[in-house]
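Okay, thanks for coming, everyone. I've got a protein to walk you through, and I'll keep it short.

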Amino acid sequence: LNRGPFFSLLLKLFGAHLVFHGHSNFPIIKIEKKDIKQKIKRIPAKQYLFFFLKFIRFFLKKILNRLIKPKLDIFFYNGEYEKLLSKKISKKGISLFTRDYEQYLIELKNNSQRLVNEEYILFLDQSYPIPFDNYFTNEDPVTTEEKYKNAILNFFHSLEKLYNKKIIVALHPNSRREKFFNYESYKGYTNHLVRYSSFVIGHDSLSLQFVALWKKPCLLIYNQDMIDRLTKKKELDWFKDNMNLKTLNIDKFSNQEIISKLSVIESDFNKNRYDNFIHKFLREKNNNSEHVEFKAQLIIDKIINHH
């Protein structure tokens, strides 16, 4: 269902029932007054008009959504956060789980051979540099290919020397690369690769759900350009705070800093640390509908019974 306000209203006027289930509706970014003030201070004077027009368009869209978008008839929610949201945007909320949680359940039953037999550190690729949909700028790349490549390869080389483990890359599903800068890479196996990894490194990927589900130690990395972008920094901070993760700036680090942070992560790692994140955002704690083969049928049955 396209949940645009005018389209939803039109469907409703023609007697349609509105049903929605999202794959995952996070990270949750909140733009505050102080963020807007800081952004205004940093933009060149010649871009003020563009910023103002985009800012107005953003708020008009929010107002229109509140004024004319009809309530959903059924909202299949993922986790306790969306359960609260369902009371505001729908007539009936039904507990389900995210797409990645479904993939996790499938992998649990998978007894196929490991892709990589030896121990490895896994990196979750996001195809940087990529255009970033930002409310307050053009969709420019967050960083440059040269900056990103230099920083991440420097970090990888240090990591390999310190821990004597190979680095495997789980390529982004939309990546055009066959290999990530000559590192052994796989596309379409992220869930499986996280399952058998010793440690995971990532930015702000939705695949961090697998880190929580397979209960893996994890380090979030970024370069300076990423945290200089308002919304990108907020996304990184959201995962850091909600998953209780350590972070590292790959533009400026020392080997001692890597050792120190990874040592803290591994010594302080509790496999239950992600439970709150899972129940809040992926699957409600008392949700018992875990039979993947019946998920589609469950949705159909709930819709039919609703009528």
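I'll start with the overall picture and then move on to one pocket. One thing up front: this is a predicted model.

So, the whole thing. The protein has 307 residues, and 46% of them count as buried. Going along the chain, you'll find 13 helices and nine strands. If you put a box around the C-alpha atoms along the principal axes, you get roughly 65 × 60 × 35 Å.

What about the radius of gyration? It's 21 Å for this protein, and a compact globule with 307 residues would come out near 19 Å, so the two agree.

Now contacts. Take those with a separation of 6 or more: 70% of them are between residues 24 or more positions apart. As for the surface, about 17,200 Å² is exposed, and carbon and sulfur atoms supply 52% of that.

Okay, on to the pocket. I picked the second largest one, which holds about 260 Å³ of space. Which element gives the most to its lining? That's helix 10, with five residues. Helix 10 covers 230–243, and along with helix 12, at 275–282, it's listed as supplying at least two lining residues.

If you want to find the pocket on screen, look for Ile28, Ile29, Lys30, Glu32 and Tyr81, then Lys234, Asp237, Trp238, Asp241 and Asn242, and finally Lys280 and Phe281. By class, that lining has six charged residues, five nonpolar and one polar.

That's my tour, happy to go back to any part of it.

Methods:
Residues numbered from 1 in each chain as written. Predicted model: local features only at pLDDT ≥ 70, side-chain atom pairs only at ≥ 80, totals over all residues. Heavy atoms only, no water. 1 Å grid on protein atoms, 1.4 Å probe; cavity = no way out; pocket = protein on both sides within 12 Å on 5 of 7 lines; lining within 4 Å. Points joined across faces, edges and corners; volume = space filled by probe spheres on them. Helix = DSSP H or I, 4+ residues; strand = E, 2+ residues; numbered from the N terminus. Nonpolar A, V, L, I, M, F, W, Y, C, P; charged D, E, K, R; others polar. Rg over C-alpha atoms; globule rule 2.2 N^0.38 Å. Buried < 20%, exposed > 50% of the residue type's maximum accessible area, 1.4 Å probe, protein only. Contact = heavy atoms within 4.5 Å. Areas by Shrake-Rupley, 256 points an atom, 1.4 Å probe, with all protein chains shown as cover.
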